[in-house]
Amino acid sequence: MKAAVIYQRGEMPQYMDLPEPIVHDDKEVLITVKAAAIKHFDRSKASGKHYAAQNDAQQPTIIGGDGVGILEDGTRVFALGNGMIAEKAIVEKDKMVKVPQGMDDATAAALPNAVAGSAMALRFRAAMKPGETVLINGATGFTGKIAVQIAKHYGAKKVIVTGRNEEALQALLALGADETISLKQEDAQLITQLKSIHQNAPIDIIIDYLWGHTAELILASLKGSGSFTHKTRFVSIGAMTGDTIQLSAENLRSVDLQLSGSGLGSWTKGEMKQLFEEIIPAMFELAASNQLKVDIEKVSLRDIGKLWEMDMPNGKRLVIII
């Protein structure tokens, strides 16, 4: 079978011929893969930089952690597995979702990671309720665009988005965002704007894909002065602009702040069960009926070496067609 293989961390994947994988127990099943998305998680894990891969032994690895394919009985599913950017892969039976009719393979492959990177934070870490105000920091990427739509679907009264790309920020208004904040302005201006927004319509939830300096500025804008403050739930999902921040104890003590993270290791077994049995199927139905917009770029498996580190413009997701 054809597959995308990385032999050494930091190298480009190679388009290779390999033997088909073999199912070893009754918890697994063989899938014929049709499409698999390339995500920041895949690149980070393949390089060994992601916390989920730091203890992995360095060895030749078929890349890709999820994808869409066909089971032996003809059922089309999205599934988690190892080595999914290949013609065949082994997946776990309890981590599959049936793909509805009217939804193409590439869309089904692209969407679930972004759903996990937004819905899990909103539902479980922030415990979002209808009528709340949500700020999405770094919303111009693929997952951020999905997060805007899911926040609105879950009943957000107001969705505020931040980003550096002005064109992409404006495009988010068509997806349900109510207000945009440019991250290209000076720090003092950004803090002033955030404070003004928070005073007029208190921010209930912050979904953060950037961390780094922008997270410091957002947290600084929430800092209280000794009087009662509005409770804000800040959920860290990504670290596109830096893995560490400086956060003063005074900042924490002065505001009613819930600070948490959403990602592999933070989710419970019950939450993961809901993701596969309830959340992803619901989002698939929305996408199949064109109520959830998914922007993708399709490419061929044989071009994997040239495309692995390609930056997609305007929040698109790169999907390998197999």
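Asparagine 290 lies in the loop between H9 and strand E14 (296-300). Its phi is near 65°. That is a positive value, in a residue other than glycine. Keep in mind that this is a predicted model.

Tryptophan 211 is another case to look at. It has a positive phi of about 55°, although it is not a glycine. Find tryptophan 211 in the loop between strand E11 (205-208) and H7. Is tryptophan 211 buried or exposed? Its relative accessible area is 13%. The cut-off for buried is under 20%, so tryptophan 211 is buried.

Now go to helix H9, which covers residues 269-288. Helix H2 meets it. The axes of H2 and H9 come within 10 Å and cross at roughly 125°. The two helices are therefore oblique to each other. H2 passes H9 in a right-handed crossing. Which residues of H2 meet H9? They are Ala108, Leu111, Pro112, Val115 and Ala116. On the H9 side stand Leu275, Ile279, Ile280, Met283, Phe284 and Ala287. Sort the residues of this contact by class and you get eleven nonpolar, no polar and no charged.

Stay in this region for proline 100. It sits in the loop between strand E7 (88-98) and H2. Proline 100 has 12% relative accessibility, so it counts as buried. What does proline 100 touch, leaving out residues up to four places away in sequence? The answer is Arg76, Phe284, Glu285 and Ala288. Alanine 288 is 188 residues from proline 100 along the chain. In space, the C-alpha atoms of proline 100 and alanine 288 are separated by 7.2 Å.

Helix H2 (residues 105-116) also meets helix H4 (residues 142-153). Their axes come within 9 Å and cross at roughly 70°. Angles of 65 to 115 degrees count as roughly perpendicular. H2 and H4 are therefore roughly perpendicular to each other. H2 brings Ala110, Leu111, Ala114 and Val115 to the contact. H4 brings Phe142, Thr143, Ile146 and Ile150. By class, this contact of H2 with H4 has seven nonpolar residues, one polar and no charged. Leu111 and Val115 of H2 appear in the contact with H4, and Leu111 and Val115 are also listed in the contact with H9.

H4 leads on to helix H5, residues 166-173. Which residues of H5 are buried? They are Ala168, Leu169 and Leu172. Look down the axis of H5. The buried residues fall within an arc of 105°, so they line one face of the helix. What covers them? The cover includes H4, strand E9 (158-163) and strand E10 (179-182).

Move along to helix H6 (residues 187-200) and helix H7 (residues 212-222). Their axes come within 9 Å and cross at roughly 45°. That angle makes H6 oblique to H7. H6 passes H7 in a right-handed crossing. From H6, the contact takes in Asp187, Leu190, Ile191, Leu194, Lys195 and His198. From H7, it takes in His213, Leu217, Ile218, Ala220, Ser221 and Leu222. How do the residues of this contact divide by class? Seven are nonpolar, three are polar and two are charged.

Pick out one residue of H6, leucine 194. Its relative accessible area is 2%, so leucine 194 is buried. Leave out residues up to four places away in sequence, and leucine 194 touches Leu135, Ile181, Leu217, Ile218 and Ser221. Isoleucine 181 is 13 residues from leucine 194 along the chain. The C-alpha atoms of leucine 194 and isoleucine 181 are separated by 8.5 Å.

End with aspartate 256. It is found in the loop between helix H8 (249-253) and strand E13 (257-261). Its relative accessible area is 36%, so aspartate 256 is partly exposed. Aspartate 256 touches Thr229, His230, Lys231 and Thr232, not counting residues up to four places away in sequence. How far is aspartate 256 from proline 281, 25 residues apart along the chain? Their C-alpha atoms are separated by 35 Å.

Terms used: Residues numbered from 1 in each chain as written. Predicted model: local features only at pLDDT ≥ 70, side-chain atom pairs only at ≥ 80, totals over all residues. Heavy atoms only, no water. Axes fitted to C-alpha atoms, helices over the stretch in contact; angles between N-to-C directions. Helix = DSSP H or I, 4+ residues; strand = E, 2+ residues; numbered from the N terminus. Parallel < 35°, antiparallel > 145°, perpendicular 65-115°, else oblique. Left-handed = near helix turned anticlockwise from the far one by under 90°. Contact = heavy atoms within 4.5 Å. Nonpolar A, V, L, I, M, F, W, Y, C, P; charged D, E, K, R; others polar. Buried < 20%, exposed > 50% of the residue type's maximum accessible area, 1.4 Å probe, protein only. Arc of directions from axis to C-beta.
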